[in-house]
Amino acid sequence: LCESCSSTFSLGDSVLQLYDSILQAQQEQNNSVLDIKDELEVLEGACVAVSRQLDDMVKTCSSQQQTQQQLAETISSYVSRIVGPIGAKLVQYVAPESMVRAKQVITEVERLTVVIRYLRVPDTTGSNSQRGYATARAKLIIDLMTQCWTWLDELSQKYITDINFAEKICRLHKHCIRGCGAVAYSSLFEKLRIQLVNNYARSHLSPYLYAGSICVSEYGSDPAYEQSLYQTFEAMSQSSFEILRSFDDFRNHPDVVEELFFLAVRMIQSCPRVFVKSPMFHSFLQCAIVGMKQDHTDANRGTLNFLEASFSFGIDLQSSTAMNDAVSVMCKESLEKAIATEGQQIVSNLILALVGELPCYRIACNQGSIAGLFYKLYCLCPTLLMDWIKVSLISVPEGAKSMLISSFTPEASRNEFFDSIERFAFACERTQKIGSSNS
């Protein structure tokens, strides 16, 4: 209904009154009247309806002889009516004497996220342009987050070990950045970066790694942010390595492994040069070798995605004549040295996965697959790859061994090559089944 309302069928005041009555009832009963999901649906509807109503006000303000000042005050009153209760609760919860549970704080973060996503304020300058509306929305988001930042930061420290709180606060930051755009949100970027680094160092909760990935994807294309992003990435990586010192550590923190490698993928895709030329890149290859052995679908996917993205960047370095500056040369040397050192173990792990001795979740798919890694390595360093494969195939039956080696030919298309890798895996699986039945 709220999405369908218009100037002739306005629901803004009515739905906002309904939402006010829900909050009032909850306050009086000191308990939830509705399930939080249902309440957030009502809040979303109120935001949509009020946004439509405010937009209609701007369009008709000239006929009502309203000044821009009067219009701005009207808009501010509606925003305060929606946001005010959230701010009041956050202030209450940050008080030192507050003993509120994390669940109640999370509720306010979710409410704020709904407001950020669905409340639109119109441009009161009279331009009526798309850019004007975008600027007005960005200002609303930045104003709200600037006002709430200290409270949210204190609460994130108060509930530093609560993963549900971490997920909700990081989701809020994601919608803030995407809601108003990276450029408009840049005034809060440094605060956000520092908060993510500090909270992750204390908690080692994977949602902060995910939020770091969002920052890299949104700001990574701007060279002005490259160094700050790398500092963020380096700090979060070092914090991760502190808890990933053994294979058991990897097994006990699969979500950290997954998000750490997807953060590394974002770095490779968005600002690779500062990452690949650093010693951190070689550390990630070594970390990936352990991650490949992990029996966890998402962690394994993150590991393979990182390796494939790294090999793809290496191919770009080789093929692009534009990448011949000093930094690109450093990147190429760093990548080649790391792959030459760790390549044998990477290939051995891939073969072991295909023959069934290591977890094998992704044989052939568009991104982050065993076939994809072999294909990229063959494009990047074919001679080395074939040497590594021959060493890794010593215990594989001759028929399957010949099948795999014959797959590596320059004439084969990508699809043909992927089919060959799947046939090799099937042949190894069949051999294992026959061996098991005979024994």
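Here is a chat about how some labels on this predicted model are earned.

Colleague: What makes the protein chain a case of 19 helices and zero strands?

Modeller: Helices here are DSSP runs of at least four residues, and strands are runs of at least two. By that rule the protein chain comes to 19 helices and zero strands. Its C-alpha trace spans about 85 × 50 × 40 Å along the principal axes.

Colleague: How many of the residues are buried, and what does the word ask for?

Modeller: Buried means under 20% relative accessible area. Of the 439 residues in the protein chain, 51% are buried. As for the surface, the chain exposes about 20900 Å², with carbon and sulfur atoms supplying 50% of that.

Colleague: Why is one set of residues called the largest nonpolar core?

Modeller: A nonpolar core takes buried residues of certain kinds, Phe, Met and Tyr among them, joined through side-chain atoms within 4.5 Å. The largest such core has 147 residues. Met 145, Tyr 185, Phe 275, Phe 306 and Phe 374 touch the most other members. In soluble globular proteins, nonpolar side chains tend to be buried together.

Colleague: Which residues is Phe 306 in contact with, leaving aside its neighbours within four places in sequence?

Modeller: Contact means heavy atoms within 4.5 Å. By that test Phe 306 is in contact with Phe 261, Ala 264, Val 265, Ile 268, Phe 275, Phe 281, Phe 284, Leu 285 and Ala 288. Across the protein chain, if you take contacts between residues at least 6 apart in sequence, 73% join residues at least 24 apart.

Colleague: What makes a space inside the protein a cavity?

Modeller: A 1.4 Å probe must fit there but be unable to get out. Two cavities of 30 Å³ or more turn up. The largest has a volume of about 50 Å³, and the second largest holds about 40 Å³.

Colleague: How do you know which residues line the largest cavity, and what class they are?

Modeller: A lining residue has an atom within 4 Å of a cavity point. Met 292, Asn 300 and Leu 304 are among those that pass. Helix α15 (326-354) gives the most, with three residues, while α14 (297-319) supplies at least two. Asn is neither on the nonpolar list nor on the charged one, so it counts as polar. The lining comes to six nonpolar, two polar and no charged residues.

Colleague: What about the lining of the second largest cavity?

Modeller: That lining has six nonpolar, two polar and one charged residues. Arg 193 is one of the lining residues, and Arg counts as charged.

How values were computed. Residues are numbered from 1 along each chain as its sequence is written. This is a predicted model: local features need pLDDT of at least 70, side-chain atom pairs count only at pLDDT 80 or more; totals for chains, interfaces and linings use all residues. Side-chain values use heavy atoms; hydrogens and water are left out. On a 1 Å grid over the protein atoms alone, a cavity is a set of points where a 1.4 Å probe fits but cannot get out, and a pocket is an open set with protein on both sides within 12 Å along at least five of seven lines; lining residues have an atom within 4 Å of a point. Grid points are joined across faces, edges and corners, and a volume is the space filled by probe spheres set on the points. Buried means under 20% relative accessible area, exposed over 50%, partly exposed in between (1.4 Å probe, protein chains only). Accessible areas come from the Shrake-Rupley method with a 1.4 Å probe; for residues, only the protein chains shown count as cover.
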